[in-house]
Amino acid sequence: MHKLFLLSLISLSSICISCSDNKDSDLIVEESSEAKSLNETNRKDAFDYLNAVRENPTAYNDELGIDLSAVEKRNNLIWSPELAKAAYNKAKDMAERNYFAHVDPDGYGMNYKINEAGFTLADYLMKSKTSNNFESIAAGTNRNTGKIMIQQLIIDKGVPSLGHRKHLLGMTDFWASAEYCGIGFYKKPSSTYTHYICVLIAKHE
């Protein structure tokens, strides 16, 4: 039986995707050619698919098996190399240290990691080192592509708040104004869930 896990966002203060030809400088460290290729291919597919759904949500009702008729169309997201760095590092870290959470084993949330990567956040978002306002993550054994993981995050099965859907499709005032995106994808067969994705959609203010 395949495993798929989505981690939902609980509240705004603790809640807690065409990608053009991105350069290797998005990656924080040197990686194997396989890791680079997997990340670049899957993040581009995920980013393109997410923008397509945001541009015309109702066109994906049948494909996703959900009703998006009430979801407003949003502008295409802007790819951010800084967010891509932070997202890749998070996906890799979860796989390598074998955990799945918005807060890493050292107690740091993604707001801290985003800011550290060079994407400056407003001061009010940096008051707690555990804060997560801009991250959706997924992991699974057979859910093995970036596009499939974006689909599952939008469907958000088993998440009553639909936190991932709201984040990715900009369905709240806070996330509607977030226009920058970075995505990271990582595979480690010996980890619990094998495939990991981190999607960051953020804003400076």
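The following dialogue explains how several features of this predicted model may be read.

Student: What order do the elements follow along the chain from the N terminus?

Tutor: The order is β-α-α-β-α-α-β-α-α-α-β-β. In total, the chain contains seven helices and five strands.

Student: How much of the chain is buried?

Tutor: Of the 205 residues in the chain, 50% are buried. The accessible surface amounts to about 9400 Å², and carbon and sulfur atoms account for 48% of that surface.

Student: Let us turn to helices. What end-to-end span should helix α3 have, and what does the model show?

Tutor: Helix α3 covers residues 81-96, and at 1.5 Å a residue its 16 residues should span 22 Å. The C-alpha atoms at its ends are 22 Å apart, which agrees with the expected value.

Student: Which residues of α3 are buried, and what covers them?

Tutor: The buried residues include Leu-83, Ala-84, Tyr-88, Lys-90 and Met-94. Their cover includes helices α1 (33-55) and α4 (110-116), together with strands β2 (78-79), β3 (135-140), β4 (180-187) and β5 (195-202). Just after α3, Asn-98 adopts a positive phi of about 55°.

Student: Lys-90 carries a charged side chain by name, and I should like to examine it. Is Lys-90 buried or exposed?

Tutor: Lys-90, which is placed in helix α3, counts as buried because its relative accessibility is 4%; the cut-off for that label is under 20%.

Student: Which residues are in contact with Lys-90, leaving aside neighbours within four places in sequence?

Tutor: Lys-90 is in contact with Tyr-99, Ala-101, His-102, Met-110, Glu-135 and Cys-198.

Student: How should helix α5 be read: is it enclosed by the rest of the structure or open?

Tutor: Seven of the 10 residues of α5 are buried, so the helix is largely enclosed by the rest of the structure. The buried residues are Gly-146, Met-149, Ile-150, Gln-151, Gln-152, Leu-153 and Ile-154. After α5 comes Asp-156, which has a positive phi near 55°.

Student: What surrounds Gly-146, if residues up to four places away in sequence are not counted?

Tutor: Gly-146 lies in helix α5, which spans residues 146-155, and touches Asn-42, Ala-46, Phe-185 and Ile-197. Because its relative accessibility is 0%, Gly-146 counts as buried. A distance in sequence may also be set beside a distance in space: Gly-146 and Val-199 are 53 residues apart along the chain, with their C-alpha atoms 9.9 Å apart.

Student: Next, the strands. With which strands does β4 pair, and in what sense?

Tutor: β4 pairs with β2 in the parallel sense over two bridges, and with β5 in the antiparallel sense over eight bridges. In the pairing with β2, Trp-79 has Cys-181 of β4 as its bridge partner. In the other pairing, Gly-184 stands opposite Cys-198 in β5.

Student: Why is β4 described as largely enclosed?

Tutor: Six of its eight residues are buried, so β4 is largely enclosed by the rest of the structure. As a general idea, side chains in a regular strand alternate between the two faces of the sheet.

Student: How many aromatic pairs does a search of the whole structure find?

Tutor: The search finds nine aromatic pairs. One of them is Phe-134 with Phe-174: the ring centres are 5.6 Å apart and the planes are at 15°, so this pair is stacked. Phe-134 lies in the loop between α4 and β3 and Phe-174 in helix α7 (residues 173-176), so named from the N terminus; the pair thus links distant parts of the chain, 40 residues apart. Phe-134 counts as buried because its relative accessibility is 0%, and Phe-174 does so at 14%.

Student: How is the pair of Tyr-193 and Tyr-196 classed?

Tutor: The pair is tilted, with 6.3 Å centre to centre and 55° between the planes. Both Tyr-193 and Tyr-196 are buried. Together with Phe-100, these two residues form one aromatic cluster. In general, a pair of aromatic rings is described by the distance of the centres and the angle of the planes.

Student: Where do lysine residues sit over aromatic rings?

Tutor: Two cases may be given. The charged end of Lys-129 sits over the ring of Tyr-108, 4.7 Å from the ring centre. Lys-203 lies over the face of Phe-174, at 3.9 Å from the ring centre.

Terms used. Residues are numbered from 1 along each chain as its sequence is written. This is a predicted model: local features need pLDDT of at least 70, side-chain atom pairs count only at pLDDT 80 or more; totals for chains, interfaces and linings use all residues. Side-chain values use heavy atoms; hydrogens and water are left out. Helices (H or I, at least four residues) and strands (E, at least two) are DSSP runs, numbered from the N terminus. Buried means under 20% relative accessible area, exposed over 50%, partly exposed in between (1.4 Å probe, protein chains only). Accessible areas come from the Shrake-Rupley method with a 1.4 Å probe; for residues, only the protein chains shown count as cover. Contact means heavy atoms within 4.5 Å. The expected span of a helix is 1.5 Å times one less than its number of residues. Rings of Phe, Tyr and Trp (its six-membered ring) pair if their centres lie within 6.5 Å; planes under 30 degrees apart count as stacked, over 60 as edge-to-face and the rest as tilted. A charge sits over a ring if NZ of Lys or CZ of Arg is within 6 Å of the ring centre and within 35 degrees of the ring normal. Two strands pair if DSSP finds at least two bridges between them.
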